[in-house]
Amino acid sequence: MRRLLLCLLCLGLSFTSICEAETFSPVRLHVVADSNEPEAQRLKLLVRDRVALETRALLASAHSEAEACAILREKAAYLRARARQAARENGYDGRVAIRQGHMPFPARLYGTLLLPAGAYDAVRVELGAAEGRNWWCVLYPSLCVRGGTDGPIRFYSSVRTWLERIRREGLGL
(Lines give C-alpha, C1' and ligand atoms only; values in the text may rest on other atoms or scores of the structure.)
Protein backbone atom coordinates (compact mmCIF):
# COMPACT_ATOMS: atom_id res chain seq x y z
CA MET A 1 0.00 0.00 0.00
CA ARG A 2 2.82 2.40 0.88
CA ARG A 3 4.46 1.73 -2.50
CA LEU A 4 1.19 2.53 -4.27
CA LEU A 5 0.88 5.83 -2.41
CA LEU A 6 4.48 6.73 -3.18
CA CYS A 7 3.97 5.90 -6.87
CA LEU A 8 0.90 8.10 -7.01
CA LEU A 9 2.79 10.95 -5.35
CA CYS A 10 5.57 10.60 -7.90
CA LEU A 11 3.01 10.89 -10.66
CA GLY A 12 2.30 14.38 -9.45
CA LEU A 13 -1.09 13.93 -7.81
CA SER A 14 -2.03 15.85 -4.69
CA PHE A 15 -2.76 14.05 -1.41
CA THR A 16 -6.47 14.74 -1.87
CA SER A 17 -6.31 13.11 -5.29
CA ILE A 18 -4.59 10.06 -3.80
CA CYS A 19 -7.34 9.68 -1.22
CA GLU A 20 -10.02 10.16 -3.86
CA ALA A 21 -8.22 8.99 -7.02
CA GLU A 22 -11.45 8.20 -8.82
CA THR A 23 -12.54 11.83 -8.47
CA PHE A 24 -9.30 13.37 -9.82
CA SER A 25 -10.52 15.67 -12.55
CA PRO A 26 -8.08 18.26 -13.84
CA VAL A 27 -8.90 21.45 -15.73
CA ARG A 28 -7.07 21.52 -19.05
CA LEU A 29 -5.79 24.11 -21.49
CA HIS A 30 -5.98 23.58 -25.25
CA VAL A 31 -4.40 26.10 -27.65
CA VAL A 32 -4.99 25.66 -31.40
CA ALA A 33 -2.93 27.52 -34.00
CA ASP A 34 -4.43 29.12 -37.10
CA SER A 35 -2.39 26.79 -39.35
CA ASN A 36 0.75 24.68 -39.39
CA GLU A 37 2.85 27.49 -40.87
CA PRO A 38 5.92 28.24 -38.72
CA GLU A 39 4.73 31.76 -37.83
CA ALA A 40 1.29 30.46 -36.75
CA GLN A 41 2.96 27.81 -34.59
CA ARG A 42 5.29 30.38 -33.04
CA LEU A 43 2.32 32.62 -32.23
CA LYS A 44 0.46 29.69 -30.66
CA LEU A 45 3.34 29.16 -28.22
CA LEU A 46 3.55 32.86 -27.36
CA VAL A 47 -0.19 33.06 -26.66
CA ARG A 48 0.02 29.77 -24.72
CA ASP A 49 2.77 31.22 -22.52
CA ARG A 50 0.70 34.30 -21.72
CA VAL A 51 -2.47 32.33 -20.94
CA ALA A 52 -0.57 29.77 -18.83
CA LEU A 53 1.16 32.54 -16.89
CA GLU A 54 -2.10 34.38 -16.24
CA THR A 55 -4.01 31.25 -15.22
CA ARG A 56 -1.20 30.10 -12.92
CA ALA A 57 -1.57 33.38 -11.01
CA LEU A 58 -5.38 33.28 -11.06
CA LEU A 59 -5.59 29.68 -9.86
CA ALA A 60 -2.91 29.91 -7.16
CA SER A 61 -5.60 30.08 -4.46
CA ALA A 62 -7.91 27.41 -5.92
CA HIS A 63 -8.35 24.34 -3.73
CA SER A 64 -10.58 22.29 -6.01
CA GLU A 65 -11.60 21.78 -9.62
CA ALA A 66 -14.89 23.54 -8.89
CA GLU A 67 -13.06 26.59 -7.50
CA ALA A 68 -10.69 26.62 -10.48
CA CYS A 69 -13.60 26.49 -12.94
CA ALA A 70 -15.44 29.27 -11.09
CA ILE A 71 -12.35 31.50 -11.18
CA LEU A 72 -11.83 30.82 -14.89
CA ARG A 73 -15.49 31.63 -15.66
CA GLU A 74 -15.28 34.83 -13.65
CA LYS A 75 -12.05 35.88 -15.36
CA ALA A 76 -12.98 34.78 -18.92
CA ALA A 77 -12.97 38.33 -20.33
CA TYR A 78 -9.64 39.03 -18.64
CA LEU A 79 -8.07 35.86 -20.13
CA ARG A 80 -9.48 36.68 -23.56
CA ALA A 81 -7.98 40.17 -23.35
CA ARG A 82 -4.56 38.82 -22.30
CA ALA A 83 -4.57 36.25 -25.15
CA ARG A 84 -5.52 38.95 -27.67
CA GLN A 85 -2.88 41.27 -26.25
CA ALA A 86 -0.18 38.61 -26.66
CA ALA A 87 -1.28 38.02 -30.25
CA ARG A 88 -1.36 41.74 -31.09
CA GLU A 89 2.04 42.34 -29.48
CA ASN A 90 3.41 39.76 -31.91
CA GLY A 91 1.87 41.30 -35.02
CA TYR A 92 -1.22 39.09 -35.31
CA ASP A 93 -4.49 40.88 -35.99
CA GLY A 94 -6.70 37.84 -36.64
CA ARG A 95 -9.30 36.03 -34.58
CA VAL A 96 -8.45 35.10 -30.98
CA ALA A 97 -11.27 33.25 -29.23
CA ILE A 98 -11.50 31.54 -25.87
CA ARG A 99 -14.13 28.93 -25.07
CA GLN A 100 -14.71 27.21 -21.76
CA GLY A 101 -16.62 24.05 -21.05
CA HIS A 102 -16.51 20.27 -20.92
CA MET A 103 -14.48 19.21 -23.99
CA PRO A 104 -13.18 15.92 -25.40
CA PHE A 105 -9.46 15.15 -25.19
CA PRO A 106 -7.40 12.19 -26.37
CA ALA A 107 -5.19 10.29 -23.93
CA ARG A 108 -2.17 12.42 -23.09
CA LEU A 109 1.06 11.82 -21.18
CA TYR A 110 2.37 14.71 -19.05
CA GLY A 111 5.80 13.61 -17.88
CA THR A 112 4.86 10.45 -16.00
CA LEU A 113 1.19 11.34 -15.51
CA LEU A 114 -1.17 9.72 -18.02
CA LEU A 115 -4.58 11.32 -18.43
CA PRO A 116 -7.01 8.99 -20.18
CA ALA A 117 -9.09 10.07 -23.15
CA GLY A 118 -12.35 11.65 -22.14
CA ALA A 119 -14.21 14.89 -21.56
CA TYR A 120 -12.57 17.41 -19.22
CA ASP A 121 -13.35 20.92 -18.07
CA ALA A 122 -11.13 23.08 -20.24
CA VAL A 123 -10.16 26.46 -21.59
CA ARG A 124 -9.68 26.35 -25.37
CA VAL A 125 -7.84 29.17 -27.14
CA GLU A 126 -8.45 29.30 -30.90
CA LEU A 127 -6.28 31.42 -33.16
CA GLY A 128 -7.64 32.31 -36.61
CA ALA A 129 -9.26 29.32 -38.31
CA ALA A 130 -7.93 27.00 -35.56
CA GLU A 131 -6.83 24.43 -38.15
CA GLY A 132 -3.20 24.03 -37.07
CA ARG A 133 -1.40 21.79 -34.63
CA ASN A 134 -2.47 22.23 -31.06
CA TRP A 135 -0.95 22.20 -27.61
CA TRP A 136 -2.35 20.85 -24.32
CA CYS A 137 -1.56 21.12 -20.65
CA VAL A 138 -3.25 20.85 -17.27
CA LEU A 139 -4.17 24.20 -15.69
CA TYR A 140 -5.40 22.77 -12.41
CA PRO A 141 -3.55 21.32 -10.68
CA SER A 142 -0.79 23.17 -12.54
CA LEU A 143 1.17 20.83 -14.81
CA CYS A 144 1.75 23.26 -17.68
CA VAL A 145 5.06 23.43 -19.46
CA ARG A 146 6.86 26.66 -18.76
CA GLY A 147 7.49 28.27 -22.11
CA GLY A 148 10.12 30.61 -23.37
CA THR A 149 13.22 30.35 -25.44
CA ASP A 150 15.79 30.41 -22.64
CA GLY A 151 16.85 26.83 -22.16
CA PRO A 152 15.00 23.53 -22.29
CA ILE A 153 11.29 23.11 -21.71
CA ARG A 154 10.54 22.00 -18.16
CA PHE A 155 7.40 20.62 -16.59
CA TYR A 156 6.06 22.45 -13.57
CA SER A 157 4.23 20.66 -10.81
CA SER A 158 3.68 21.98 -7.29
CA VAL A 159 3.72 18.39 -6.01
CA ARG A 160 7.04 17.70 -7.78
CA THR A 161 8.45 20.88 -6.21
CA TRP A 162 7.25 19.70 -2.79
CA LEU A 163 8.82 16.25 -3.27
CA GLU A 164 12.11 17.78 -4.40
CA ARG A 165 12.12 19.99 -1.29
CA ILE A 166 11.55 16.94 0.93
CA ARG A 167 14.40 15.07 -0.77
CA ARG A 168 16.71 18.12 -0.61
CA GLU A 169 16.00 18.81 3.06
CA GLY A 170 16.07 15.12 4.00
CA LEU A 171 12.64 15.14 5.61
CA GLY A 172 11.71 11.66 4.33
CA LEU A 173 8.21 10.28 3.82
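Let me start with a term: a residue is buried under 20% relative accessible area, exposed over 50%, and partly exposed in between. Keep that in mind. This is a predicted model.

First, the overall picture. The protein has 173 residues, and 41% of them count as buried. Its secondary structure comes to 6 helices and 8 strands. From the N terminus, the order is α-α-β-α-α-α-β-β-β-β-β-β-β-α. Now contacts. Take those with a separation of 6 or more: 67% come from residues 24 or more positions apart. As for the surface, about 10000 Å² is exposed, and carbon and sulfur atoms supply 56% of that.

Now the core. In soluble globular proteins, nonpolar side chains tend to be buried together. Here, the largest nonpolar core has 36 residues. Leu29, Val47, Leu59, Leu72, Val125 and Leu139 have the most contacts inside it. Who contributes? At least two residues each come from β1 (27-32), α3, α4, α5, β2, β4 (113-115), β5 (118-127) and β6 (134-140). The top contributor is β6, which gives 6 residues.

Next, helix α5. It covers residues 76-89, so to speak a run of 14 residues. From first C-alpha to last it reaches 20 Å, close to the 20 Å expected at 1.5 Å a residue. Which residues of α5 are buried? They are Ala76, Leu79, Ala83, Ala86 and Ala87. Look down the axis of α5: these buried residues fall within an arc of 100°, so they line one face of the helix. What do they pack against? The partners are α3 (38-58), α4 (65-74) and β2 (96-105). Just after α5 comes glycine 91, with a positive phi of about 80°.

One step back along the chain is helix α4, at 65-74. Its buried residues are Ala68, Cys69, Ile71 and Leu72. They span an arc of only 160° around the axis, which puts them on the same side of α4. Turn to the other side of α4, and you find Ala66, Arg73 and Glu74 exposed. The buried residues of α4 pack against β1, α3, α5, β2, β5 and β6.

Let me zoom in on three residues. For their contacts, I leave aside neighbours within four places in sequence.

Start with valine 47. Its contacts are Ala83, Ala86, Ala87, Val125 and Leu127. Ala83, Ala86 and Ala87 were on our list of buried residues in α5.

Then threonine 55, which lies in helix α3. Is threonine 55 buried or exposed? Its relative accessible area is 2%, under the 20% cut-off, so threonine 55 is buried. Its contacts are Leu72, Leu79 and Leu139. Leu72 and Leu139 are among the residues with the most contacts inside the core.

Last, serine 61, in the loop between α3 and α4. Why does serine 61 count as partly exposed? Because its relative accessible area is 47%, and that sits between the 20% and 50% cut-offs. Not counting residues up to four places away, serine 61 touches Glu67 and Ile71. Serine 61 and isoleucine 71 are 10 residues apart along the chain, and their C-alpha atoms are separated by 9.6 Å. Ile71 is also one of the buried residues of α4.

That is the tour.

Notes
Residues are numbered from 1 along each chain as its sequence is written. This is a predicted model: local features need pLDDT of at least 70, side-chain atom pairs count only at pLDDT 80 or more; totals for chains, interfaces and linings use all residues. Side-chain values use heavy atoms; hydrogens and water are left out. Helices (H or I, at least four residues) and strands (E, at least two) are DSSP runs, numbered from the N terminus. The expected span of a helix is 1.5 Å times one less than its number of residues. Buried means under 20% relative accessible area, exposed over 50%, partly exposed in between (1.4 Å probe, protein chains only). The arc is that of the directions from the helix axis to the C-beta atoms. Contact means heavy atoms within 4.5 Å. A nonpolar core is a set of buried Ala, Val, Leu, Ile, Met, Phe, Trp, Tyr and Cys residues joined through side-chain atoms within 4.5 Å. Accessible areas come from the Shrake-Rupley method with a 1.4 Å probe; for residues, only the protein chains shown count as cover.
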